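Q: I've just opened this one and don't know my way around it yet. Can you walk me through it, starting in a loop?

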Amino acid sequence: MSKKNLKFNSKTIHGGQQPDKAYGAVMPPIYQTSTYAQSTPGGHQGYEYSRSGNPTRTALENSLASIENGEFGLAFASGLAAMDAVVKLLQPGDEVVSTNDLYGGSYRLFRLVYEKFGIKFHFIGMQKATKIEEYINDNTKLIWLETPTNPMMNIIDIKKVSEIAKKRNVLLAVDNTFATPYLQKPLDLGADIVMHSATKYLGGHSDVVVGALVVKDKELADKLYFYQNASGAVCGPMDSFLVLRGIKTLHVRMQRHCENGKAIANFLVKHPKIEKVYWPGFEDHPNHDVAKEQMKDFGGMVSFITKGSNYDEAIKIVERLQVFTLAESLGGVESLAGHPASMTHASIPKEEREKSGVVDALIRLSVGIEDVEDLIADLEQAIG
Ligand SMILES: *Cc1c(COP(=O)(O)O)cnc(C)c1O
């Protein structure tokens with residue numbers, strides 16, 4: 001039977017993989033080598049230098065393509081390096097329409113690195129997909145979106161945006177870090193490029209920094225491969241191995257992240273000291289219907305604000321947490337708490353971030369896979 005037709009949970013374990021040819025190792029070996037012996041110049045077995053290609057990285061890239069229902073995967077040194085390769089498809093004078101509520105580092109890459117090379121970025125709310133059309137002109141070459149958004153948990157209708165992108169002949173890239181292919185598959189919904197910070201749920205154990213792109217189109221894959229090799233921010237063999245290992249349990253971890261996320265969102269929303277909880281599983285979430293349609297479940301990310309809170313109060317709450325660790329990042333087995341205004345989103349100017357709701361009082365949780373009773377008890381004592 002072809003491994004292409006496996007269902008998702010089987011693909012996380014087997015997709016794009018076969019036992020190693022040399023000794024039948026079930027896990028791809030860590031080919032910790034920079035170069036490969038040639039019998040005659042050009043006489044190699046598919047690999048000549050590890051920036052251009054490495055068998056452990058290939059194993060990860062095939063797995064990534066398989067779980068995202070794509071054809072080609074590319075693994076990078078970080079999520080931002082993956083994103084950087086996408087922006088390199090553009091020319092000076094080109095324009096990009098991006099989600100306004102996006103990962104702080106993505107915003108920094110667009111504004112502080114690429115604007116000076118003559119690329120123009122529009123940051124807009126995309127909860128109403130048709131709004132994007134107002135920002136598309138003849139120079140628009142790329143739509144960049146994140147859903148659920150970070151940290152406001154807004155949901156963007158990928159299928160609707162892809163219809164607009166196709167009609168206007170603009171590439172659509174989706175940062176699928178928060179949802180993972182367990183919850184949603186942007187390529188199936190019409191996106192051209194899926195990007196991941198594999199540092200998060202795909203790796204899943206907070207022990208590696210890796211990025212990924214997945215596409216269906218060969219020509220687009222070739223262009224991205226050119227920049228991956230030409231700029232050189234590739235994923236090393238050890239890191240490739242760690243993410244491959246992480247992906248094998250993605251489905252079981254995600255199931256628990258979702259269950260725990262739901263329990264915590266429901267605990268918080270009933271708590272008398274809570275002002276507002278951001279989680280797409282609530283029926284009164286503005287795009288709950290889209291979330292239900294395009295996602296399998298609602299994920300493990302929950303943000304909230306306590307009543308009458310401010311910068312100092314939010315900091316006190318995150319400092320009091322004992323089971324949740326105060327740290328940047330997300331998507332690992334352990335629960336993390338963060339204060340976006342001073343941490344992940346500190347590189348976005350205050351007016352800009354407050355426009356999208358990232359106020360000083362906001363706290364973001366990456367709900368891990370511990371016993372949820374312990375997580376709830378921890379939040380209870382920290383909120384007071
Ligand atoms: C972390 C993150 C990134 C950046 O990825 P790195 O691996 O840290 O470079 C991009 N987008 C989202 C949504 C992220 O959470």
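A: Start with Pro151, found in the loop between β4 and α5. This is a predicted model, so to speak of local features takes pLDDT of at least 70, side-chain atom pairs count only at pLDDT 80 or more, and totals for chains, interfaces and linings use all residues. Residues are numbered from 1 along each chain as its sequence is written, and side-chain values use heavy atoms, leaving out hydrogens and water.

Q: Is the peptide bond from Asn150 to Pro151 cis or trans?

A: It is cis, with omega near 5 degrees. Helices and strands here are DSSP runs numbered from the N terminus (H or I over at least four residues for a helix, E over at least two for a strand).

Q: And what about the bond from Thr147 to Pro148?

A: The bond from Thr147 to Pro148 is cis, with omega near -5 degrees. Pro148 sits in the loop between β4 (140–146) and α5 (158–167).

Q: What sign does phi have at Asn69?

A: Asn69 is not a glycine, yet its phi is positive, about 55 degrees. Asn69 belongs to the loop between α2 and β1.

Q: Switching to pockets. How much space is in the largest pocket?

A: About 660 Å³. A pocket is an open set of points on a 1 Å grid over the protein atoms alone, where a 1.4 Å probe fits, with protein on both sides within 12 Å along at least five of seven lines; lining residues have an atom within 4 Å of a point. The volume is the space filled by probe spheres set on the points, which are joined across faces, edges and corners.

Q: Which residues lie nearest the centre of the largest pocket?

A: Glu61, Asn62, Glu71, Phe72 and Gly73, out of 29 lining residues. At least two lining residues come from each of α2 (55–67), β1 (72–76) and α7 (218–231). The most come from α2, with six.

Q: How does the lining of the largest pocket split by class?

A: Seven residues are nonpolar, 13 polar and nine charged. Nonpolar means Ala, Val, Leu, Ile, Met, Phe, Trp, Tyr, Cys and Pro; charged means Asp, Glu, Lys and Arg; the others, Gly among them, are polar.

Q: What is the volume of the second largest pocket?

A: About 570 Å³. Its lining has 19 residues, with Asp20, Lys21, Tyr31, Tyr47 and Pro55 nearest the centre. By class the lining of the second largest pocket has 10 nonpolar, seven polar and two charged residues.

Q: Back to α2. At what angle do α2 and α8 cross?

A: Roughly 35 degrees, and the axes of α2 and α8 (residues 237–247) come within 8 Å. Axes are lines fitted to C-alpha atoms, for helices over the stretch in contact, and angles run from 0 to 180 degrees between N-to-C directions. The crossing of α2 and α8 is left-handed, a term for the near helix being turned anticlockwise from the far one by less than a right angle, with clockwise being right-handed.

Q: Which residues of α2 and α8 meet?

A: Thr56, Arg57, Ala59, Leu60, Ser63, Leu64 and Ile67 in α2 are in contact with Pro237, Ser240, Phe241, Val243, Leu244 and Ile247 in α8 (contact means heavy atoms within 4.5 Å). Nine of the residues in the contact of α2 with α8 are nonpolar, three polar and one charged.

Q: How do α9 and α13 cross?

A: The axes of α9 (residues 250–270) and α13 (residues 372–383) come within 10 Å and cross at roughly 30 degrees. That makes α9 roughly parallel to α13, as angles under 35 degrees count as roughly parallel, over 145 as roughly antiparallel, 65 to 115 as roughly perpendicular and the rest as oblique. The crossing of α9 and α13 is right-handed.
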